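This report covers strand pairing, ligand surroundings and a few chosen residues. Have the coordinates open while reading.

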Amino acid sequence: MAHPIRIAPSLLAADFARLADEVKSVEQGGADWLHLVVMDGHFVPNLTFGPFVCAAIKKVAQQPLDVHLMITDPWRYADAFLDAGADLLTFHIEVAKNGDVPALLAHIKKRGKKAGLSVQPDTPVETLAPYVAQLDLVLVMSVFAGFGGQKFMPSVLPKVARLRELGFTGEVSMDGGIAAATIATAAAAGTNVFVAGTAVFGKPDRKAGIAELRTLAGGAAAGS
Ligand code: DX5
């Protein structure tokens with residue numbers, strides 16, 4: 001199941017004083033998806049934005065919104081983000097005890113959107129096994145969720161192959177410390193969606209940054 005390489009700039013690293021310009025900049029630079037980081041200050045120590053900002057981004061975005069809910073209660077907010085224009089909605093397996101995971105995944109898909117689960121670096125990927133048939137996407141965190149600019153954790157790389165052993169055939173995304181120095185290893189491990197904040201928004205030339213990441217991912221994937 002060869003999935004296309006997708007570069008998904010993480011808006012956490014964008015200049016929020018010029019968000020519309022930043023969205024246009026990375027889309028003109030070749031971004032495939034826009035990665036929106038929703039943090040509630042509870043599941044993760046950071047606090048970002050809600051459906052209101054997602055809807056504002058939707059107004060100016062051309063590319064799909066890949067919305068990552070780093071929140072304790074995704075059941076409460078899923079519809080608000082779907083109404084606000086999320087095209088993919090991913091929540092964390094670590095909050096599974098708070099609600100019905102299959103029901104939420106089914107609800108997202110019933111609304112015609114793609115459903116994903118994300119796993120923190122220290123959570124075994126086997127926790128996703130009961131849901132692989134329902135998932136369109138798995139987001140493997142290569143840093144502990146909450147902040148940009150952290151160091152890539154290669155220890156998570158084997159999770160991608162393990163997902164395939166568990167029967168997952170959908171898209172695998174990796175998020176955290178993805179940059180020129182690390183993207184090839186992520187691609188070689190079987191990742192096809194690359195979430196990058198600093199490596200894209202930290203560069204004045206977003207087009208060059210995205211192109212470099214795509215080239216490095218493509219080269220590695222071909223070789224894997
Ligand atoms: C962290 C966020 C990431 C983060 C990535 O919790 O989910 O998307 O913004 O930032 P970099 O690419 O700088 O590690």
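## Parallel strands and their crossovers

Strand 4, helix 4 (residues 101-110) and strand 5 form a β-α-β unit that is right-handed. The model is predicted.

Strand 4 covers residues 88-92 and runs parallel to strand 5, with five bridges joining the two. Within this pairing, Phe91 sits opposite Leu117 of strand 5. Leu89 has Ala115 of strand 5 as its bridge partner.

Strand 4 also pairs with strand 3 (residues 65-70): the two run parallel and share four bridges. Here His68 is the bridge partner of Thr90 in strand 4. The link from strand 3 to strand 4 passes through helix 3 (residues 74-83), and this β-α-β crossover is right-handed.

How is strand 4 covered? Five of its five residues are buried, so the strand is mostly covered. Leu88, Thr90 and His92 point one way, Leu89 and Phe91 the other way, and all are buried.

Strand 5 has a further partner. Four bridges join strand 5 to strand 6 (residues 137-141), and these strands run parallel too. Leu117 of strand 5 has Val138 of strand 6 as its bridge partner. Why is strand 5 (residues 114-119) largely enclosed by the rest of the structure? Five of its six residues are buried, which means that little of the strand is left uncovered.

## Helix 4 against its surroundings

Leu104 lies in helix 4. Its relative accessible area is 4%, so Leu104 counts as buried, the limit being under 20%. Beyond its neighbours within four places in sequence, Leu104 touches Pro74, Trp75, Ala78 and Phe91. Pro74 is 30 residues away along the chain, yet the C-alpha atoms of Pro74 and Leu104 are separated by 8.4 Å. Phe91, one of these contacts, is the strand 4 residue that stands opposite Leu117.

## The ligand site

Which residues are closest to the ligand? Of the 20 residues that surround the ligand, the closest are Gly146, Asp175, Gly177, Gly197 and Thr198. Three polar atom pairs to ligand oxygen atoms are listed here.

| Residue | Polar atom of the residue | Distance to a ligand oxygen atom |
|---|---|---|
| Gly146 | backbone | 2.6 Å |
| Gly197 | backbone | 2.7 Å |
| Asp175 | side chain | 2.9 Å |

The ligand on its own has 380 Å² of accessible area, and the protein covers 98% of it.

Asn46 shares a link to this site. Asn46 is placed in the loop between strand 2 (34-39) and helix 2 (51-60). Gly146 is among the residues that Asn46 touches, along with Met39, Asp40, Gly41 and Phe147, leaving out those up to four places away in sequence. Asn46 has a relative accessible area of 18%; this is under 20%, so Asn46 is buried.

## A buried acidic residue in helix 1

Is Glu22 buried or exposed? Glu22 is buried, with a relative accessible area of 2%. Glu22 lies in helix 1 (residues 19-28). The side chains of Glu22 and Arg206 make a polar contact at 2.7 Å. Apart from neighbours within four places in sequence, Glu22 is in contact with Ala14, Asp15, Phe201 and Arg206.

Note on methods:
Residues are numbered from 1 along each chain as its sequence is written. This is a predicted model: local features need pLDDT of at least 70, side-chain atom pairs count only at pLDDT 80 or more; totals for chains, interfaces and linings use all residues. Side-chain values use heavy atoms; hydrogens and water are left out. Buried means under 20% relative accessible area, exposed over 50%, partly exposed in between (1.4 Å probe, protein chains only). Two strands pair if DSSP finds at least two bridges between them. A crossover is right-handed if, with the strands pointing away from the viewer, the path from the first strand over the helix to the second runs clockwise. A residue is near a molecule or strand if one of its heavy atoms lies within 4 Å of it. A polar contact is a pair of N or O atoms within 3.5 Å; within protein, one must be able to donate a hydrogen and the other to accept it, and residues adjacent in sequence count only if both atoms are side-chain atoms. Accessible areas come from the Shrake-Rupley method with a 1.4 Å probe; for residues, only the protein chains shown count as cover. Contact means heavy atoms within 4.5 Å.
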